[in-house]
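Here is a quick tour of charges, rings and contacts in one protein model. Have the viewer open as you read.

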Amino acid sequence: MSGLFSVRRILLAVAALCALASLVLPLFEADGVIVRIWTAPALFAPALAILVLIVVGQFTSPHGRGCESAWLGGMTLDLAIGVVAHAGAFLLIGALEGRAGEAAGGFWALVVACWLLAWAFVDAMANWRLTDRNAQRVVNIAIPLVFGVWLLILWQLIAVGFAIPQVLLPPPSMIGTRFAASLPTLWADFRQTFLQAVLIGYALGCGSGFVVAILVDRVPFLKRGLLPVGNLVSALPIIGVAPIMVMWFGFDWPSKAAVVVIMTFFPMLVNTVTGLAASESMQRDLMTTYAAGYWQTLFKLRLPQATPFIFNALKINSTLALIGAIVAEFFGTPTVGMGFRISTEVGRMNIDMVWAEIAVAALAGSVFYGMVTLLGRAITFWHPSVRG
């Protein structure tokens, strides 16, 4: 969409209306005392900056992409919009200190105006086409980062502005403080759950699934007899299996690794068997004409063709393994571990510590998934799905 009714024009027009509303409506109300923007100069600056940017920059552009003048045009205007949006958010967060639950209509109008500016900034970055590949790569990374930062900003403003009870939704600042103060505890939980249960269970589950897939491919009887059983095992509920594994292997990390093995075995088995069948019959016939045996055909043709399927299973299992280990810790564990900490701190109403553990799990899972993805792209660079 371009021209008068482009998404960018609509976002900035609504942001301008919200900035105007913030100049009229009260910012804070408490005990009959009303604070307006004229008596809060810290917030008057971003409201005025939003209006100046939009009027001078956007509405003087004939194509809805910003003023194309030398001093305020194109990317320069986009960057100015981004700076004003984030500076305004910083001032809004600071203005809420000591005023939890007192935010009024003018404050929320200014929040919406800054959020729409940030939306327009991300939309502009998504359309940037830079000649420098490294700079373009930095922009591509910055887009999801800005989006994630604004989720935290809105979370902070809403939690404090509406004075939501900390038991229901603690603000990110409170979670960050708890995170920094609990680093030794979080590291011990991470080591117990991720470095021991997840990684060992992941290696055993994926490795055994791969070996059994080779056997299934080699022995037709196993394909007809073992795959249905494997499907049945994959459908077992984890909340039923985890207590049994705890009884079999004890309360420490081996029982959680056993749960991870059960969860990761079948995805690897099915994907590998499917990948081994991905090569075309003409390719296999060609190997036969070269007098290639089963193992030569397997290593030189079928396994390379199956590599994308194998990495798909590894990526799926990288998140399944973490979920399985954390859930298994709810059914018995020593006094350490992410699942143990979450269940214990919920009972104590320390929700900020629960969110800190969730943040550690999310970061660990994302980094693990990203490493497997990068490894897969490096090894399967020849595949059309990667080249494209």
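What follows goes through the salt bridges, a lone buried acid, the aromatic rings and one loop residue.

**Salt bridges**

This is a predicted model, and a search of the whole structure turns up five salt bridges. As background, side chains of opposite charge can pair when their charged atoms come close. Three of the bridges are laid out here, with the closest N to O distance for each.

| Acid | Base | N to O distance |
|---|---|---|
| E102 | R99 | 3.5 Å |
| D352 | R178 | 3.4 Å |
| E345 | R348 | 3.4 Å |

Let's take the pair D352 and R178, whose closest N and O atoms are 3.4 Å apart. D352 sits in helix 14 and R178 in helix 6 (residues 172-181), so this bridge ties together parts that are 174 residues apart in sequence. D352 is buried, since its relative accessible area is 10% and the cut-off for buried is under 20%. R178, at 25% relative accessibility, counts as partly exposed.

The bridge between R348 and E345 joins residues with opposite labels. R348 is exposed at 53% relative accessible area, whereas E345 is buried at 5%.

As for E102 and R99, their side chains meet at 3.5 Å, N to O. R99 counts as partly exposed, with 28% relative accessibility. R99 also turns up next to a ring, as described further down.

**An acid without a bridge**

Which buried residue has no salt bridge, with R341 as its nearest side chain of opposite charge? That's E357, and R341 is 4.1 Å away. A salt bridge here needs a side-chain nitrogen of Lys or Arg within 4 Å of a carboxyl oxygen, so a distance of 4.1 Å to R341 doesn't qualify. E357 lies in helix 14, which covers residues 351-379. D352, the acid bridged to R178, is in helix 14 too.

Leaving out residues up to four places away in sequence, E357 touches L186, D189, M338, R341 and I342. R341 is therefore on the contact list as well as being the nearest side chain of opposite charge.

**Rings**

On to the aromatics: the count comes to 13 aromatic pairs. One of them is W248 with F249, an edge-to-face pair with 6.5 Å from centre to centre and 65° between the planes. Is W248 buried or exposed? At 62% relative accessibility, W248 counts as exposed, while F249 comes out as partly exposed at 45%.

There is also an aromatic cluster made up of W187, F190, F194, Y202 and F368.

Two arginines place their charged ends over rings. For R99, the ring is that of F28, with the charged end 4.8 Å from the ring centre. R99 thus has its charged end over F28 and a salt bridge with E102. For R218, the ring belongs to Y294, and the distance to its centre is 4.2 Å.

**A loop residue and its contacts**

Finally, have a look at A163, which lies in the loop between helix 5 (133-161) and helix 6. A163 is partly exposed, with a relative accessible area of 40%. Which residue, 62 residues apart from A163 along the chain, has its C-alpha atom 4.4 Å from that of A163? It's G101. Setting aside neighbours within four places in sequence, A163 is in contact with A100, G101 and I158.

Note on methods. Residues numbered from 1 in each chain as written. Predicted model: local features only at pLDDT ≥ 70, side-chain atom pairs only at ≥ 80, totals over all residues. Heavy atoms only, no water. Phe/Tyr/Trp six-rings, centres within 6.5 Å; stacked < 30°, edge-to-face > 60°. Buried < 20%, exposed > 50% of the residue type's maximum accessible area, 1.4 Å probe, protein only. Lys NZ or Arg CZ within 6 Å of the ring centre and 35° of its normal. Helix = DSSP H or I, 4+ residues; strand = E, 2+ residues; numbered from the N terminus. Lys, Arg positive; Asp, Glu negative; His and termini not counted. Contact = heavy atoms within 4.5 Å.
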